[in-house]
Amino acid sequence: MTGEKALLQVEDLVAGYAGSRVLNGVSLRVRAGEAVTLLGRNGVGKTTFIETVMGMVKATSGHVYVDGRDVTGKQPHVVSNAGVAIVPQGRRVFAPLTVEENLEIAVRKGGEWTVERVYDLMPRLRERRTNLGSQLSGGEQQMLAIGRALLCSPRLMLLDEPSDGLAPTIVEQVGEILIDLARTGLAVLIVEQDLRLAFDVADRVAVMTKGSIVHESSVAEFRRDGARAQALLGVG
Ligand SMILES: Nc1ncnc2c1ncn2[C@@H]1O[C@H](COP(=O)(O)OP(=O)(O)OP(=O)(O)O)[C@@H](O)[C@H]1O
Ligand SMILES: [Mg+2]
């Protein structure tokens, strides 16, 4: 990858919470238009990594560059303005607001994504536009969370376990949406437990064990090496 320009470049990132270090020097790159999946067992630090990139958790040391710009330690809105959007674990849609209100508050003026374009990508949200966040199914909430992130008109979308709690047919639908988005040239970093979804969407795999990246390869290579997947993830 040397010489190729990275959209997201993370170098030796160290972060954690009061009294506990979670990330022990994580380095990872995502190129423009690339889809990467970050895998790892429960509690290894995947969410902490995504939230540190986004500026929601403070980095102790190391660097986060977006399109060459150092955003380490910046507020989330600065990272968002640099072109990164997050679809958080657990979705966090605003329950007392309607679908349309959830979307409208996320719109970045002058951005390439509009509420209508989100509805065209996910017509189910148009059908449910007047329903409250609290009235949506898990799949609809996930679509709404994706729609909200898109309305920031990002160049890179960070997704934290989008399949969590969804029925298999719904996971498949979410996967199709993400594949469509990746085809438009949006770069994607997807944390997943559902390997099928991860491998459908991503071209490259990174595996995290306790606070660092211990494996990187193409999805095709990773899929051929079941023993390695078993050793790293306990699956395969
Ligand atoms: N807000 C917090 N305060 C203190 N410790 C935290 C906090 N959030 C996470 N942790 C701890 O940090 C470690 C990494 O958690 P993190 O949520 O990043 O892991 P994860 O890989 O996303 O796990 P999962 O697969 O369950 O989502 C865990 O030991 C967790 O208990
Ligand atoms: Mg997590």
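This is a short tour of a predicted model, starting at the ligand and moving on through the sheet, a cavity and a pocket.

**Stop 1: the ligand**

Select ligand 1 and show what surrounds it. The shell holds 13 residues, and those that come nearest are Gly 43, Gly 45, Lys 46, Thr 47 and Thr 48. Colour the shell by residue class and you should get three nonpolar, seven polar and three charged residues. Now switch on the secondary structure. Which helix gives the most to this shell? Pick helix H1, residues 46-53: this helix gives the most, with three residues.

Next, show side chains and go through the polar contacts one by one. Start with Thr 48, where a polar side-chain atom lies 2.5 Å from an oxygen atom of ligand 1. Move to Thr 47: an N or O atom of the Thr 47 side chain is 2.8 Å from an oxygen atom of the ligand. Then add Gln 89, whose side chain has an N or O atom 3.0 Å from an oxygen atom of ligand 1. Before leaving, put a surface on the ligand: taken alone, ligand 1 exposes 630 Å², and the protein buries 57% of that.

**Stop 2: the sheet**

Hide the ligand and select strands S1, S2, S4 and S5. They make an open sheet of four strands, in the order S2-S1-S4-S5, with antiparallel pairing. Which strands sit at the edges? Those are S2 (20-31) and S5 (69-70), each of which pairs on one side only.

Zoom in on S1 (residues 6-17) and S4 (residues 59-66). Six bridges join these two antiparallel strands. To see how they line up, label Leu 8 and look across to S4, where Val 66 is its bridge partner. Then label Val 10, which stands opposite Val 64 in S4.

Slide over to the other side of S4. Here two bridges join S4 to S5, again running antiparallel. Label Tyr 65 and you'll find Asp 70 of S5 opposite. The hairpin of S4 and S5 has two residues between the strands, and Asp 67 there takes a positive phi near 55°.

**Stop 3: the cavity**

Keep Val 64 selected, since it turns up again here: Val 64 is one of the residues that line the largest cavity. How many cavities of 30 Å³ or more are there? The count comes to one, and the largest cavity holds about 30 Å³ of space. To frame the cavity, select Thr 52, Val 53, Gly 55, Ala 59, Val 64, Val 71, Thr 72, Gly 73 and Lys 74. H1, the helix from the ligand stop, is back as well: H1 and S4 each supply at least two lining residues. By class, the cavity lining divides into four nonpolar, four polar and one charged.

**Stop 4: the largest pocket**

For the last stop, select Met 54, Ile 86, Pro 88, Arg 148 and Cys 152. Of the 18 residues lining the largest pocket, these are the closest to its centre. The space in this pocket comes to about 350 Å³. Where does the lining come from? Highlight helix H2 (76-81), strand S6 (84-87) and helix H6 (138-150), each of which supplies at least two residues. Colour by class once more: the pocket lining divides into twelve nonpolar, three polar and three charged residues.

Key:
Residues numbered from 1 in each chain as written. Chains lettered and ligands numbered in written order. Predicted model: local features only at pLDDT ≥ 70, side-chain atom pairs only at ≥ 80, totals over all residues. Heavy atoms only, no water. Near = heavy atom within 4 Å. Polar contact = N/O pair within 3.5 Å; in protein donor to acceptor, adjacent residues only side chain to side chain. Areas by Shrake-Rupley, 256 points an atom, 1.4 Å probe, with all protein chains shown as cover. Nonpolar A, V, L, I, M, F, W, Y, C, P; charged D, E, K, R; others polar. 1 Å grid on protein atoms, 1.4 Å probe; cavity = no way out; pocket = protein on both sides within 12 Å on 5 of 7 lines; lining within 4 Å. Points joined across faces, edges and corners; volume = space filled by probe spheres on them. Pairing = 2+ DSSP bridges.
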